[in-house]
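This report introduces a protein structure to a reader who has not met it before. Please view the sequence and the model first, and then read the sections in order.

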Amino acid sequence: MIIRKTPAEIEKMRVAGAAVAWCLDEIVRRIVPGKTTTLDIDRIAEELIRSHGWVSSFKNYRGYPNTVCVAVNEEVVHGIPGDRVLEAGDIVGIDLGIAVDGWHADAALTIAVGGKASKEAERLLRVTKEALYKGIEQARPGKHLSDIGHAIQKHVELHGFSVVRDLVGHGIGQSLHEDPQVPNYGKPGRGIRLEEGMTLAIEPMVNAGGYAVETLGDSWTVVSKDRSLSAHFEHTVAIRRDGPDILTLLPVGGLSR
Ligand code: MF3
Ligand code: CO
């Protein structure tokens, strides 16, 4: 069942979305190549969330032990923070969900540690981010659900990369995961018709090699099967009468007004 949100409810999700965007920005600024561990990132997020009275959407979700998911290089998503030190040239995906007053927002980005990676890694980051925005562009009334995934897949494959099939985006609201599932691939014009008030977390995961993935022994960390580099970008988006409304953005002038 898809739960459509009123404009007032969408504004509540935008508050959570701003919190997510601000935390991600803060985390990225604080990463020091050769020093910061993936668990440091988790601690930063936990403290920022705690000090504002927000709630982590991920901690204890289906037994997930941490506040952020951190995916380094060939890790696709759901990496559990630990003692791994981030080195210059690594690409690191940071995925964060926050609830404010019971309304969730979820976003992810992948960055090059130290601001620079290999040419191929930087191309992977650029294409994955572009693909997210191509998908978001389809999130408007009258389009079909699969138009989102189709636009993402087309852009990714045009550049010779592959879209992960085994993990999908999702509806989001008073729960982190709601209907519908949002695949990042597919034929156009299939699935439900998109309607005003639907709120979706759109999150392409893109491998430099093949699309196959596997889950490691910790039963969370998803890696590319061929161990090729992988990138992940995500926004929470509301479908409005006039088109997509990205909720996980920093408000101009900061969080307080
Ligand atoms: N953004 C991911 C998702 O939407 C992360 C959630 S996994 C969790 O599925 F278990 F940590 F919550
Ligand atoms: Co998500």
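## Terms and aromatic pairs

A residue counts as buried when its relative accessible area is under 20%. The structure discussed here is a predicted model. Trp54 has a relative accessible area of 15% and is therefore buried.

Two aromatic pairs are present in the structure. In one of them, the ring centres of Trp22 and Trp54 are 6.2 Å apart and the planes stand at 85°, so the pair is edge-to-face. Trp22 belongs to helix 1 (residues 7-30), whereas Trp54 sits in the loop between helix 2 (38-52) and strand 1 (55-56). With their positions 32 residues apart in the chain, the pair links distant parts of it.

Tyr64 and Trp220 also form an edge-to-face pair, because their planes stand at 80° and their ring centres are 4.9 Å apart. The loop between strand 1 and strand 2 (68-72) holds Tyr64, and the loop between strand 11 (213-215) and strand 12 (222-224) holds Trp220, so the pair ties together parts that are 156 residues apart in sequence. Tyr64 is buried, its relative accessible area being 2%.

## The cobalt site

Which residues are the protein donors of the cobalt ion (ligand 2)? They are Asp106 (OD), His170 (NE2), Glu203 (OE) and Glu234 (OE), at 2.0 to 2.3 Å from the ion. Along the chain, the donors of the cobalt ion follow the spacing D-x63-H-x32-E-x30-E. His170 lies in strand 7 (residues 169-171), and Glu234 lies in the loop between strand 13 (230-232) and strand 14 (235-240). These two residues are 64 residues apart, and the pair links distant parts of the chain.

The site of the cobalt ion has six donor atoms, with angles of 63 to 170° among them, and is irregular. Both His170 and Glu234 are buried.

## Surroundings of ligand 1

There are 13 residues around ligand 1, of which Asp95, Asp106, His170, His177 and Glu203 come nearest. A polar side-chain atom of His170 is 2.7 Å from an oxygen atom of ligand 1. For His177, a polar side-chain atom lies 2.9 Å from an oxygen atom of the ligand. In the side chain of Asp106, an N or O atom is 2.9 Å from an oxygen atom of ligand 1.

On its own, ligand 1 has 330 Å² of accessible area, and the protein covers 95% of this.

## Backbone features and a loop residue

Most residues other than glycine have a negative phi, and most peptide bonds are trans. In this model, Asp179 and Pro180 are joined by a cis peptide bond, with omega at about 0°. Pro180 is placed in strand 8.

Asp101 has a positive phi, near 50°, and is not a glycine. Asp101 is located in the loop between strand 4 (91-100) and strand 5 (103-112), and its relative accessible area of 74% makes it exposed. Arg227, likewise not a glycine, has a positive phi of about 60°. Arg227 occupies the loop between strand 12 and strand 13 and is partly exposed, with a relative accessible area of 42%.

Tyr185 lies in the loop between strand 8 (178-182) and strand 9 (199-202). Its relative accessible area is 30%, so Tyr185 is partly exposed. From C-alpha to C-alpha, Tyr185 and Val156 are 9.7 Å apart in space, and they are 29 residues apart in sequence.

Definitions and conventions: Residues are numbered from 1 along each chain as its sequence is written. Chains are lettered from A and ligands numbered from 1 in the order in which they are written. This is a predicted model: local features need pLDDT of at least 70, side-chain atom pairs count only at pLDDT 80 or more; totals for chains, interfaces and linings use all residues. Side-chain values use heavy atoms; hydrogens and water are left out. Donors are N, O and S atoms within 2.8 Å of the metal (3.2 Å for Na, K and Ca); water is not among the atoms, so sites may look incomplete. Four donors count as tetrahedral if all angles lie between 85 and 135 degrees; four count as square planar and six as octahedral if opposite donors are over 155 degrees apart and all others between 65 and 115; anything else is irregular. Helices (H or I, at least four residues) and strands (E, at least two) are DSSP runs, numbered from the N terminus. Buried means under 20% relative accessible area, exposed over 50%, partly exposed in between (1.4 Å probe, protein chains only). A residue is near a molecule or strand if one of its heavy atoms lies within 4 Å of it. A polar contact is a pair of N or O atoms within 3.5 Å; within protein, one must be able to donate a hydrogen and the other to accept it, and residues adjacent in sequence count only if both atoms are side-chain atoms. Accessible areas come from the Shrake-Rupley method with a 1.4 Å probe; for residues, only the protein chains shown count as cover. Rings of Phe, Tyr and Trp (its six-membered ring) pair if their centres lie within 6.5 Å; planes under 30 degrees apart count as stacked, over 60 as edge-to-face and the rest as tilted.
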